[in-house]
Amino acid sequence: MNIEHIQKEITSLREELKSHGLYQQLQTIEDIKIFTQDHVFAVWDFMSLLKTLQRELTCVSVPWVPRKKGKLTQFINEITLAEESDVDLSGESKSHFEMYLDAMRHMGSETHKIEVFLSKIHQNSSIEEALDFAEVPEAVKNFVKVTFKTIYSNDAHKVAAAFTFGREDLIPDMFIEIIHQTHEQESFKDFLYYLNRHVELDGDSHGPLSLDMIVELCGDDQQKWSEVLVTAKEALEVRISLWDYIADNISKHKLEKALS
(Lines give C-alpha, C1' and ligand atoms only; values in the text may rest on other atoms or scores of the structure.)
Protein backbone atom coordinates (compact mmCIF):
# COMPACT_ATOMS: atom_id res chain seq x y z
CA MET A 1 0.00 0.00 0.00
CA ASN A 2 1.20 3.56 -0.74
CA ILE A 3 -0.03 7.14 -0.94
CA GLU A 4 -1.56 6.65 -4.40
CA HIS A 5 -3.57 3.70 -3.10
CA ILE A 6 -4.86 5.77 -0.16
CA GLN A 7 -5.91 8.60 -2.46
CA LYS A 8 -7.71 6.18 -4.79
CA GLU A 9 -9.54 4.48 -1.90
CA ILE A 10 -10.90 7.75 -0.48
CA THR A 11 -11.84 9.33 -3.83
CA SER A 12 -15.57 8.61 -3.48
CA LEU A 13 -15.71 10.09 0.02
CA ARG A 14 -13.83 13.20 -1.07
CA GLU A 15 -16.18 13.64 -4.01
CA GLU A 16 -19.19 13.20 -1.74
CA LEU A 17 -17.81 15.92 0.52
CA LYS A 18 -17.01 18.30 -2.34
CA SER A 19 -20.49 17.95 -3.85
CA HIS A 20 -22.36 18.01 -0.52
CA GLY A 21 -25.77 19.67 -0.48
CA LEU A 22 -24.68 21.98 2.34
CA TYR A 23 -22.99 24.28 -0.15
CA GLN A 24 -26.28 24.93 -1.96
CA GLN A 25 -27.90 25.69 1.38
CA LEU A 26 -25.48 28.51 2.11
CA GLN A 27 -27.27 31.36 0.38
CA THR A 28 -27.67 34.14 2.95
CA ILE A 29 -25.86 35.82 5.80
CA GLU A 30 -28.18 34.04 8.23
CA ASP A 31 -27.12 30.70 6.75
CA ILE A 32 -23.46 31.56 7.37
CA LYS A 33 -24.24 32.47 10.99
CA ILE A 34 -25.92 29.09 11.54
CA PHE A 35 -23.01 27.32 9.84
CA THR A 36 -20.35 28.97 12.00
CA GLN A 37 -21.93 28.11 15.36
CA ASP A 38 -21.27 24.41 14.71
CA HIS A 39 -18.25 24.62 12.44
CA VAL A 40 -16.32 26.60 15.07
CA PHE A 41 -15.74 23.34 16.96
CA ALA A 42 -13.89 21.95 13.93
CA VAL A 43 -11.81 25.13 13.77
CA TRP A 44 -10.95 24.59 17.44
CA ASP A 45 -10.07 20.87 17.36
CA PHE A 46 -7.90 21.31 14.25
CA MET A 47 -5.36 23.02 16.51
CA SER A 48 -4.95 19.91 18.66
CA LEU A 49 -4.20 17.83 15.56
CA LEU A 50 -1.63 20.41 14.53
CA LYS A 51 0.00 20.63 17.97
CA THR A 52 0.21 16.84 18.15
CA LEU A 53 2.10 16.80 14.86
CA GLN A 54 4.35 19.61 16.04
CA ARG A 55 5.21 17.52 19.09
CA GLU A 56 6.05 14.58 16.82
CA LEU A 57 7.97 16.34 14.05
CA THR A 58 9.81 18.98 16.07
CA CYS A 59 11.42 19.05 19.49
CA VAL A 60 9.27 20.75 22.13
CA SER A 61 11.02 19.24 25.16
CA VAL A 62 14.07 20.31 27.15
CA PRO A 63 16.90 19.68 26.61
CA TRP A 64 16.38 20.30 22.92
CA VAL A 65 17.71 17.85 20.35
CA PRO A 66 17.42 18.06 16.53
CA ARG A 67 14.71 15.85 15.07
CA LYS A 68 16.24 15.75 11.58
CA LYS A 69 12.87 15.98 9.86
CA GLY A 70 14.00 18.73 7.47
CA LYS A 71 11.16 20.12 5.36
CA LEU A 72 8.51 18.49 7.52
CA THR A 73 9.73 20.36 10.61
CA GLN A 74 9.60 23.60 8.66
CA PHE A 75 6.18 22.68 7.24
CA ILE A 76 4.61 22.08 10.64
CA ASN A 77 6.27 25.09 12.25
CA GLU A 78 5.11 27.37 9.42
CA ILE A 79 1.51 26.18 9.74
CA THR A 80 1.65 26.47 13.53
CA LEU A 81 3.03 30.01 13.32
CA ALA A 82 0.22 31.10 11.02
CA GLU A 83 -2.57 29.23 12.82
CA GLU A 84 -1.55 30.10 16.36
CA SER A 85 -0.18 33.64 16.01
CA ASP A 86 -1.37 35.39 12.88
CA VAL A 87 -2.22 39.11 12.79
CA ASP A 88 -5.88 40.12 12.82
CA LEU A 89 -7.55 43.06 11.08
CA SER A 90 -6.54 45.49 13.83
CA GLY A 91 -2.92 44.34 13.84
CA GLU A 92 -3.19 42.23 16.99
CA SER A 93 -1.54 38.80 17.15
CA LYS A 94 -4.16 36.06 17.48
CA SER A 95 -4.78 32.46 16.58
CA HIS A 96 -7.06 31.77 13.63
CA PHE A 97 -9.52 30.20 16.04
CA GLU A 98 -9.70 33.43 18.06
CA MET A 99 -10.09 35.41 14.85
CA TYR A 100 -12.94 33.11 13.81
CA LEU A 101 -14.62 33.53 17.20
CA ASP A 102 -14.25 37.32 17.05
CA ALA A 103 -15.75 37.30 13.56
CA MET A 104 -18.70 35.25 14.82
CA ARG A 105 -19.36 37.78 17.57
CA HIS A 106 -19.18 40.72 15.18
CA MET A 107 -21.63 39.13 12.72
CA GLY A 108 -24.04 38.19 15.51
CA SER A 109 -23.56 34.42 15.34
CA GLU A 110 -24.32 32.31 18.43
CA THR A 111 -21.13 31.70 20.45
CA HIS A 112 -22.58 30.50 23.76
CA LYS A 113 -21.88 26.79 23.29
CA ILE A 114 -18.25 27.17 22.23
CA GLU A 115 -17.61 29.66 25.04
CA VAL A 116 -19.11 27.33 27.67
CA PHE A 117 -17.13 24.44 26.20
CA LEU A 118 -13.86 26.38 26.39
CA SER A 119 -14.55 27.48 29.95
CA LYS A 120 -14.86 23.83 30.98
CA ILE A 121 -11.65 22.93 29.11
CA HIS A 122 -9.90 25.73 31.02
CA GLN A 123 -11.17 24.10 34.22
CA ASN A 124 -9.48 20.85 33.16
CA SER A 125 -12.69 19.02 32.33
CA SER A 126 -12.38 16.17 29.87
CA ILE A 127 -13.41 16.72 26.25
CA GLU A 128 -16.55 14.61 26.76
CA GLU A 129 -17.52 16.40 29.97
CA ALA A 130 -17.09 19.81 28.33
CA LEU A 131 -19.12 18.79 25.27
CA ASP A 132 -21.94 17.45 27.46
CA PHE A 133 -21.94 20.51 29.74
CA ALA A 134 -22.13 22.86 26.74
CA GLU A 135 -25.04 20.81 25.31
CA VAL A 136 -23.31 20.54 21.95
CA PRO A 137 -25.35 18.85 19.15
CA GLU A 138 -24.64 15.15 18.75
CA ALA A 139 -23.11 15.46 15.28
CA VAL A 140 -20.69 18.14 16.47
CA LYS A 141 -19.91 16.15 19.60
CA ASN A 142 -19.15 13.05 17.55
CA PHE A 143 -16.88 15.02 15.21
CA VAL A 144 -14.75 16.29 18.10
CA LYS A 145 -14.70 12.88 19.80
CA VAL A 146 -13.40 11.19 16.64
CA THR A 147 -10.66 13.83 16.36
CA PHE A 148 -9.51 13.23 19.92
CA LYS A 149 -9.78 9.48 19.64
CA THR A 150 -7.21 9.79 16.86
CA ILE A 151 -5.03 12.15 18.90
CA TYR A 152 -5.17 9.95 22.00
CA SER A 153 -4.10 6.91 19.97
CA ASN A 154 -0.59 8.40 20.23
CA ASP A 155 0.03 7.21 16.68
CA ALA A 156 1.53 10.07 14.67
CA HIS A 157 0.66 8.46 11.33
CA LYS A 158 -3.02 8.37 12.28
CA VAL A 159 -2.95 12.02 13.36
CA ALA A 160 -1.21 12.90 10.11
CA ALA A 161 -3.93 11.03 8.18
CA ALA A 162 -6.72 12.98 9.89
CA PHE A 163 -4.80 16.22 9.34
CA THR A 164 -4.00 15.55 5.68
CA PHE A 165 -7.16 13.90 4.39
CA GLY A 166 -9.87 14.94 6.84
CA ARG A 167 -9.66 18.71 6.69
CA GLU A 168 -11.43 19.71 3.52
CA ASP A 169 -11.40 23.29 2.21
CA LEU A 170 -14.62 25.17 2.91
CA ILE A 171 -14.69 26.97 -0.43
CA PRO A 172 -14.00 30.41 1.12
CA ASP A 173 -14.70 32.10 -2.21
CA MET A 174 -18.36 31.13 -1.82
CA PHE A 175 -18.59 32.74 1.62
CA ILE A 176 -16.86 35.86 0.34
CA GLU A 177 -19.36 36.14 -2.53
CA ILE A 178 -22.34 35.82 -0.16
CA ILE A 179 -20.98 38.54 2.12
CA HIS A 180 -20.27 40.84 -0.83
CA GLN A 181 -23.96 40.63 -1.74
CA THR A 182 -25.12 42.04 1.60
CA HIS A 183 -25.50 45.68 2.58
CA GLU A 184 -24.20 44.87 6.07
CA GLN A 185 -20.58 44.31 5.10
CA GLU A 186 -19.22 46.25 8.08
CA SER A 187 -20.42 43.48 10.42
CA PHE A 188 -18.64 40.86 8.37
CA LYS A 189 -15.28 42.53 7.70
CA ASP A 190 -13.57 40.32 10.31
CA PHE A 191 -14.94 37.14 8.74
CA LEU A 192 -13.90 38.29 5.28
CA TYR A 193 -10.42 38.99 6.60
CA TYR A 194 -10.26 35.52 8.17
CA LEU A 195 -11.30 33.87 4.90
CA ASN A 196 -8.88 35.91 2.83
CA ARG A 197 -6.02 35.04 5.19
CA HIS A 198 -6.74 31.36 4.61
CA VAL A 199 -6.63 31.87 0.86
CA GLU A 200 -3.32 33.75 1.14
CA LEU A 201 -1.66 31.28 3.50
CA ASP A 202 -2.78 28.09 1.78
CA GLY A 203 0.38 27.74 -0.30
CA ASP A 204 0.72 25.24 -3.12
CA SER A 205 3.46 23.41 -1.18
CA HIS A 206 1.23 22.44 1.75
CA GLY A 207 -0.60 19.63 -0.03
CA PRO A 208 2.48 17.80 -1.32
CA LEU A 209 4.31 18.26 2.01
CA SER A 210 1.41 16.81 3.98
CA LEU A 211 1.56 13.73 1.73
CA ASP A 212 5.33 13.54 2.27
CA MET A 213 4.61 13.56 5.99
CA ILE A 214 2.40 10.47 5.63
CA VAL A 215 5.07 8.68 3.57
CA GLU A 216 7.81 9.43 6.11
CA LEU A 217 5.71 8.38 9.10
CA CYS A 218 4.58 5.10 7.49
CA GLY A 219 7.71 4.07 5.63
CA ASP A 220 7.44 0.40 4.63
CA ASP A 221 5.14 -0.52 7.52
CA GLN A 222 2.01 -1.92 5.86
CA GLN A 223 0.14 -1.97 9.17
CA LYS A 224 0.61 1.80 9.44
CA TRP A 225 -0.55 2.29 5.85
CA SER A 226 -3.68 0.27 6.60
CA GLU A 227 -4.34 2.39 9.69
CA VAL A 228 -3.85 5.58 7.68
CA LEU A 229 -6.56 4.42 5.26
CA VAL A 230 -8.99 3.59 8.08
CA THR A 231 -8.32 6.94 9.78
CA ALA A 232 -8.65 8.92 6.57
CA LYS A 233 -12.00 7.29 5.77
CA GLU A 234 -13.29 7.85 9.29
CA ALA A 235 -12.24 11.53 9.24
CA LEU A 236 -14.04 12.09 5.94
CA GLU A 237 -17.14 10.18 7.03
CA VAL A 238 -17.47 12.16 10.26
CA ARG A 239 -17.02 15.41 8.31
CA ILE A 240 -19.82 14.37 5.95
CA SER A 241 -22.03 13.59 8.95
CA LEU A 242 -21.30 17.05 10.36
CA TRP A 243 -22.17 18.62 7.00
CA ASP A 244 -25.42 16.58 6.94
CA TYR A 245 -26.40 17.95 10.33
CA ILE A 246 -25.57 21.57 9.50
CA ALA A 247 -27.44 21.37 6.18
CA ASP A 248 -30.50 19.97 7.97
CA ASN A 249 -30.25 22.67 10.62
CA ILE A 250 -30.14 25.42 8.01
CA SER A 251 -33.15 23.88 6.21
CA LYS A 252 -35.03 23.78 9.50
CA HIS A 253 -34.36 27.47 10.15
CA LYS A 254 -35.43 28.40 6.62
CA LEU A 255 -38.70 26.52 7.08
CA GLU A 256 -39.38 28.08 10.47
CA LYS A 257 -38.75 31.53 9.01
CA ALA A 258 -41.08 30.85 6.08
CA LEU A 259 -43.86 29.71 8.40
CA SER A 260 -43.51 32.60 10.86
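## The nonpolar core

In this predicted model, the largest nonpolar core holds 80 residues, and the members that touch the most others are Phe41, Phe117, Phe163, Phe165, Phe191, Met213 and Ile214. Helix H4, spanning residues 29-57, gives the most to this core, with 15 residues. In soluble globular proteins, nonpolar side chains tend to be buried together.

Phe41 is in contact with Lys113, Ile114, Phe117, Leu131, Val136, Val140 and Val144, when its neighbours within four places in sequence are left aside.

## Lys33 in helix H4

Lys33 lies in helix H4. Its relative accessible area is 18%, and because buried means under 20%, Lys33 is classed as buried.

Leaving aside neighbours within four places in sequence, Lys33 is in contact with Met107, Gly108, Ser109 and Phe188. Lys33 and Ile250 are 217 residues apart along the chain, while 9.7 Å separates their C-alpha atoms.

## Helix H10

Helix H10 covers residues 156-165, and 10 of its 10 residues are buried, so this helix is largely enclosed by the rest of the structure. The buried residues of H10 include His157, Lys158 and Thr164, together with Ala156, Val159, Ala160, Ala161, Ala162, Phe163 and Phe165. Of these, Phe163 and Phe165 were named above among the core members that touch the most others.

## Glu83 in helix H5

Glu83 belongs to helix H5, which runs over residues 71-84. With a relative accessibility of 12%, Glu83 counts as buried. Apart from residues up to four places away in sequence, Glu83 touches Phe46, Met47, Leu50, Ser95, His96 and His198.

Key. Residues numbered from 1 in each chain as written. Predicted model: local features only at pLDDT ≥ 70, side-chain atom pairs only at ≥ 80, totals over all residues. Heavy atoms only, no water. Core = buried A, V, L, I, M, F, W, Y, C linked by side-chain atoms within 4.5 Å. Buried < 20%, exposed > 50% of the residue type's maximum accessible area, 1.4 Å probe, protein only. Helix = DSSP H or I, 4+ residues; strand = E, 2+ residues; numbered from the N terminus. Contact = heavy atoms within 4.5 Å.
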